[in-house]
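Please look over the sequence and the structure shown here before reading on. The report that follows moves from a term to the chain as a whole, and then to a metal site.

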Amino acid sequence: MVQINVSQQLKASIGSTRNYEMSGIVDIDGSNKTVQGVVRLMRTDHGILVKGTLDTESELTCSRCLSLFNYPLTLYIEEEYFPTTDMVSGAPLPLPEEPDCFTIDEHNILDLTEAIRQYALLTVPMKPLCHQDCAGLCPTCGINLNQASCDCPPEPADPRWSELSKLVLTDTKVSVKEQEGTN
Ligand SMILES: [Zn+2]
Ligand SMILES: [Zn+2]
């Protein structure tokens with residue numbers, strides 16, 4: 001579970017801590033992933049500070065070969081959670097001004113699901129690779145070069161490059177003619 005009942009912790013004095021071993025399933029990027037680790041809960045004057053390291057993974061698309069692969073993620077979480085209800089009176093409590101602050105519900109449940117999801121999104125690399133030396137796709141026939149090879153000529157497929165090589169050739173001819181003229 002990534003939901004912790006913190007009713008005892010809310011009764012504890014400010015500064016007191018408790019370690020919580022966590023193992024649960026969270027929907028990360030649309031697929032359920034295991035989340036494991038230890039978090040430390042500390043009672044603050046207004047709520048509970050959660051600090052810890054959690055291991056999970058995310059299913060990503062390789063930016064070179066476009067295959068799906070599981071990428072391991074380590075999340076360093078540090079967030080303060082605020083109770084919405086007074087433990088003793090049951091009256092609603094005012095929340096801090098900041099928008100989107102994390103809350104503890106009226107049953108004293110501190111739910112880490114949303115924080116884990118947000119931290120996972122921040123940890124995912126911009127251009128993920130299935131492995132460091134991924135061979136990518138053949139630019140001509142599109143075959144996945146990690147799994148097979150093809151007989152495509154090794155010419156660059158990008159038309160901008162072939163235009164560039166023509167230009168270089170023409171320039172060379174011109175300069176040769178000019179040199180002949182001066183002789
Ligand atoms: Zn790849
Ligand atoms: Zn090819």
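## A term to begin with

A residue counts as buried when its relative accessible area is under 20%, as exposed when that value is over 50%, and as partly exposed in between. The structure described here is a predicted model, and 30% of the 183 residues of its protein chain count as buried.

## The chain and its confidence

The secondary structure of the protein chain consists of three helices and seven strands, which follow one another from the N terminus in the order β-α-β-β-β-β-β-β-α-α. Among the contacts with a separation of 6 or more, 47% join residues that are 24 or more positions apart.

The mean pLDDT of the protein chain is 87, with 84% of the residues reaching 70 or more. Over residues 174-178, however, the pLDDT is below 50, and this stretch has zero contacts in the model beyond near neighbours in sequence. Where pLDDT is low, the predicted coordinates should not be read in detail.

## The zinc site

The zinc ion (ligand 2) has as its protein donors the SG atoms of Cys138, Cys141, Cys150 and Cys152, which lie 2.3 Å from the ion. Along the sequence these donor residues follow the spacing C-x2-C-x8-C-x1-C. Cys138 and Cys150, twelve residues apart, both belong to the loop between helix 2 (113-123) and helix 3 (159-182).

Why is the arrangement around the zinc ion (ligand 2) tetrahedral? The arrangement is tetrahedral because the four donor atoms subtend angles of 107 to 110°.

Cys138 counts as buried because its relative accessibility is 8%, whereas Cys150, at 26%, counts as partly exposed.

Technical notes:
Residues are numbered from 1 along each chain as its sequence is written. Chains are lettered from A and ligands numbered from 1 in the order in which they are written. This is a predicted model: local features need pLDDT of at least 70, side-chain atom pairs count only at pLDDT 80 or more; totals for chains, interfaces and linings use all residues. Side-chain values use heavy atoms; hydrogens and water are left out. Donors are N, O and S atoms within 2.8 Å of the metal (3.2 Å for Na, K and Ca); water is not among the atoms, so sites may look incomplete. Four donors count as tetrahedral if all angles lie between 85 and 135 degrees; four count as square planar and six as octahedral if opposite donors are over 155 degrees apart and all others between 65 and 115; anything else is irregular. Helices (H or I, at least four residues) and strands (E, at least two) are DSSP runs, numbered from the N terminus. Buried means under 20% relative accessible area, exposed over 50%, partly exposed in between (1.4 Å probe, protein chains only). pLDDT is the predictor's confidence in each residue, from 0 to 100. Contact means heavy atoms within 4.5 Å.
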